[in-house]
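Subject: Structure for you to look at

Hi,

Here is the structure I promised to pass on. Please open it alongside this message, and my notes follow below.

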Amino acid sequence: MATAGKVIKCRAAVAWEPNVPLIMEEIEVAPPQESEIRIKVVVTSVCHTDLYHLFEGKDKRGFPTVLGHEGAGVVESVGPGVTDFKTGDKVIPLFLSQCGKCRFCKCPKTNLCDSSWSTKYHDTMADPSTRLTCRGQPILQFMGTSTFSEYTVINQFAVAKIDDNAPLDRVCLLGCGITTGYGAAVNTAGVTPGSVCAVFGMGAVGLAAVMGCKNAGASRIFAVDINEQKFEKAKVFGATDFLNPKAYNKPISEVLAELTNGGVDYSLECVGNTEVMRSALESCVKGWGVSVLVGWTDVKDFSARPIQLLSGKTWKGSLFGGYKSKDSVPNLVCDYMNGKIKLDEFITHKMNIEQVNDAINLMKTGECIRCVLNISK
């Protein structure tokens with residue numbers, strides 16, 4: 001392309017500091033360096049982790065930044081040493097890398113990677129190195145991706161090449177939320193046929209977890225949320241029972257225990273709230289119950305009574321659904337195209353990037369499951 005090897009000036013939504021609206025700016029995107037790819041972002045969606053960094057994490061060292069990590073686009077150019085990608089390839093940026101060489105990538109027990117920003121910089125949620133600048137200063141690339149920009153530069157270890165026929169405005173969701181929730185159920189929890197499950201939080205991640213429980217053969221799936229308007233959507237993904245914790249004068253874990261003869265086989269916390277994490281653990285049956293932490297947070301400690309684990313329960317965490325990113329995302333795209341998983345049903349709003357603050361507000365108020373933003377003109 002004519003832009004290959006040159007600095008590109010383009011539009012991006014910049015978060016200059018915590019807890020303030022994003023500002024549309026003209027930024028400069030440098031050419032890709034060794035092992036890097038410059039991507040023309042076509043679409044992106046807004047994920048709660050973007051809101052977490054903006055409103056909850058509030059670590060000023062993570063700003064200024066361009067948010068966004070659930071996007072899809074096409075390769076504009078590649079840097080030296082890149083052999084698996086070419087201009088025009090459809091791709092999904094990945095917030096979790098897969099270098100294929102480190103001890104974690106070589107281990108089938110985990111999807112962590114030493115090359116990921118999260119290895120050293122989970123507090124600021126960005127590696128200090130960046131290819132983005134604005135007003136003469138570096139702009140951090142949020143979670144290594146920054147898809148709220150018309151162009152971004154990402155290491156080839158953190159990019160998945162996908163089917164040329166894949167609809168970008170749907171498969172972009174596989175860059176984070178849906179993969180995270182779905183994999184937490186089928187991979188991390190290991191939901192078994194005939195089991196009873198409870199999913200806490202009916203945002204996109206929780207709904208995807210419900211879908212995972214359903215596809216894994218669970219016989220009963222409790223959808224737990226304080227917003228009852230989300231229960232109809234949960235039913236679409238396979239939920240069979242619906243509980244609003246505020247409707248009871250006892251802990252929801254006790255309610256679930258009464259309804260399931262002692263507790264559920266699997267529970268998944270998809271909120272990012274430490275109190276809900278404990279409730280999810282306490283909702284599991286003793287002896288073999290498995291509870292999985294899925295919601296992202298790093299601002300509070302969590303706790304539980306030792307007897308909960310001594311009695312045979314298992315407490316686990318799940319990052320990106322346990323999927324090795326580069327290997328798995330292309331397969332999930334194919335699963336969507338073959339009708340094995342749902343994506344369209346998660347999308348409740350569509351907007352342009354200039355409306356990103358409106359999309360964020362919809363997410364904050366719970367009126368939106370996923371809003372897809374058109375990035376490129």
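**Strand β5 and its partners**

Strand β5 is joined to strand β6 (residues 90-93) by two bridges, and the pair runs antiparallel. Within that pairing, Gly73 of β5 sits opposite Val91 in β6. Strand β5 also pairs with β3, again in the antiparallel sense, this time over eight bridges. There you will find Arg38 facing Ser77 of β5. Strand β5 spans residues 70-78, and because seven of its nine residues are buried, the strand is largely enclosed by the rest of the structure. Please keep in mind that this is a predicted model.

**What the record says**

The unreviewed UniProt entry carries the annotation "domain: Enoyl reductase (ER)" for residues 19-373. Across residues 19-373, helix makes up 26% of the chain and strand 23%. The C-alpha atoms at the two ends of this stretch are 21 Å apart.

**A buried lysine**

Lys313 is worth a visit. You can find Lys313 in the loop that connects α8 (306-310) with β16 (314-317). This lysine is buried, yet it has no salt bridge. Which side chain of opposite charge is nearest to Lys313? It is Glu282, at 7.3 Å, and a salt bridge would need the charged atoms to be within 4 Å.

What does the side chain of Lys313 make a polar contact with? Its partner is the side chain of Gln308, at 2.8 Å. In addition, a polar atom of the Lys313 side chain lies 3.3 Å from the backbone oxygen of Leu281. Apart from neighbours within four places in sequence, the residues in contact with Lys313 are Leu281, Glu282, Cys284, Val285, Lys286, Gly287, Gly289 and Gln308.

**Backbone features to check**

Most residues other than glycine have a negative phi, and most peptide bonds are trans. With that in mind, here are three places to look at.

The peptide bond from Phe63 to Pro64 is cis, with omega near -5 degrees. Phe63 lies in the loop between α1 and β4, and Pro64 is placed in the loop between α1 (48-57) and β4 (65-66). Is Phe63 buried or exposed? Phe63 is buried, because its relative accessible area is 10%, and the cut-off for buried is under 20%. Leaving out neighbours within four places in sequence, Phe63 is in contact with Ala15, Trp16, Glu17, Pro18, His53, Leu54 and Leu140. For orientation, Phe63 and Ala204 are separated by 141 residues in sequence and by 26 Å in space, C-alpha to C-alpha.

Ser35 is not a glycine, but has a positive phi of about 65 degrees. This serine belongs to the loop between β2 (23-29) and β3 (36-45). Ser35 counts as buried, with a relative accessible area of 15%.

Ser146 likewise is not a glycine and has a positive phi, here about 60 degrees. Ser146 lies in the loop that links β8 (137-141) to β9 (151-155). How is Ser146 classed, buried or exposed? Ser146 is buried, with a relative accessible area of 0%.

I hope these notes help you find your way around, and do write back with any questions.

Best wishes

Note on methods. Residues are numbered from 1 along each chain as its sequence is written. This is a predicted model: local features need pLDDT of at least 70, side-chain atom pairs count only at pLDDT 80 or more; totals for chains, interfaces and linings use all residues. Side-chain values use heavy atoms; hydrogens and water are left out. Helices (H or I, at least four residues) and strands (E, at least two) are DSSP runs, numbered from the N terminus. Buried means under 20% relative accessible area, exposed over 50%, partly exposed in between (1.4 Å probe, protein chains only). Lys and Arg count as positive and Asp and Glu as negative; His and the chain ends are not counted. A polar contact is a pair of N or O atoms within 3.5 Å; within protein, one must be able to donate a hydrogen and the other to accept it, and residues adjacent in sequence count only if both atoms are side-chain atoms. Contact means heavy atoms within 4.5 Å. UniProt positions are given in the numbering used here, feature names are shortened, and annotations may be inferred rather than shown by experiment. Two strands pair if DSSP finds at least two bridges between them.
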